[in-house]
Amino acid sequence: MALQGPIPVTFPIVFPHGCYIVGEVEPVKDFDASTNGRFVQARDKQTGELVWQVAVMDGDPTLKPAQKTVAVKILSPVQPVPPAPMPGLPFTPVEFETVSVTPYVNGNGRLAYSIKVREMRAPRHIAPSKAQAGKDAA
């Protein structure tokens, strides 16, 4: 089979309604290399880069609450910095570049996906709020 390893996709395929940061960027622990009192950060098996993780909320209004928050792993030699919060929004919108997904079967026997990215940034286009759209039309 030609597909092996992570499957490259685009941000709009994974998050067609956008997504929002709801956690801190944190290093991912390498459970095999870490010992009591000694934290070792995970490295990506394909690239060898350090792995960081951030929780995001999917903007899809049709998702059940338990499906809304997902972890996104970021491959980067240094800790990624989230975009600045936007005034008037309770959560910070974010977009990712160089996205890949790896399907796996979770502990409940269900299909799940691991999402890995190379870059985190502020969205290029933010849809105006209804209130702002009304002001612009006046």
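Here's a walk through this predicted model, from its nonpolar core out to its aromatic rings, its salt bridges and one buried serine.

Let's start in the middle. The largest nonpolar core is made of 18 residues, and V54, V56, V72 and F96 are the ones with the most contacts inside it. Several strands chip in: β2 (19–21), β4 (51–58), β5 (69–75), β6 (92–97), β7 and β8 (111–117) each give two or more residues. The top contributor is β4, with three residues.

To get a feel for how that core is wired, click on V72. Setting aside residues up to four places away in sequence, V72 touches F15, W52, Q53, V54, V56, F96, I115 and V117. Two of those names, V54 and V56, are also on the list of residues with the most contacts in the core, and so is F96.

F96 is a good bridge to the aromatics. It's buried, because its relative accessible area is just 2% and the cut-off for buried is under 20%. There are two aromatic pairs to look at. In one of them, F11 and F15 sit 5.6 Å apart, centre to centre, with 40 degrees between their planes, which makes a tilted pair. Both of these phenylalanines are buried. The other pair is F11 with F96: the ring centres are 6.3 Å apart and the planes are at 55 degrees, so this pair is tilted too. F11 belongs to helix α1 (residues 11–14) while F96 belongs to strand β6, so their pairing ties together parts of the chain 85 residues apart in sequence. F11 takes part in both pairs, and the ring pairs link F11, F15 and F96 into a cluster. As for F11 itself, a relative accessible area of 11% makes it buried.

Now for the charges. The model has five salt bridges. One of them joins the side chains of K116 and D44, at 2.6 Å from N to O. K116 is in strand β8 and D44 is in the loop between β3 (26–27) and β4, so to speak a long reach: they're 72 residues apart. Both partners are buried.

That same loop between β3 and β4 also holds E49, whose partner R118 lies in the loop between β8 and β9 (119–121), so this pair ties together parts 69 residues apart in sequence. Their side chains meet at 2.3 Å, N to O. Are the two ends buried or exposed? E49 is buried, with a relative accessible area of 19%, whereas R118, at 36%, is partly exposed.

Over on β6, next door in sequence to F96, look for E95. Its side chain forms a salt bridge with R121 at 2.5 Å, N to O. E95 sits in strand β6 and R121 in strand β9, 26 residues apart, and both are buried. The pair doesn't stand alone: E95, E97, R121 and R124 are linked in a network of salt bridges.

Finally, have a look at S100, in strand β7 (residues 99–105). This serine is buried, with a relative accessible area of 14%. Leaving out neighbours within four places in sequence, S100 is in contact with P6, I7, P8, V9, S114, I115 and K116. Two of those contacts lead back to places we've already been: I115 also touches V72, and K116 is the partner of D44 in a salt bridge.

How values were computed: Residues are numbered from 1 along each chain as its sequence is written. This is a predicted model: local features need pLDDT of at least 70, side-chain atom pairs count only at pLDDT 80 or more; totals for chains, interfaces and linings use all residues. Side-chain values use heavy atoms; hydrogens and water are left out. Helices (H or I, at least four residues) and strands (E, at least two) are DSSP runs, numbered from the N terminus. Buried means under 20% relative accessible area, exposed over 50%, partly exposed in between (1.4 Å probe, protein chains only). Contact means heavy atoms within 4.5 Å. A nonpolar core is a set of buried Ala, Val, Leu, Ile, Met, Phe, Trp, Tyr and Cys residues joined through side-chain atoms within 4.5 Å. A salt bridge is a side-chain nitrogen of Lys or Arg within 4 Å of a carboxyl oxygen of Asp or Glu. Rings of Phe, Tyr and Trp (its six-membered ring) pair if their centres lie within 6.5 Å; planes under 30 degrees apart count as stacked, over 60 as edge-to-face and the rest as tilted.
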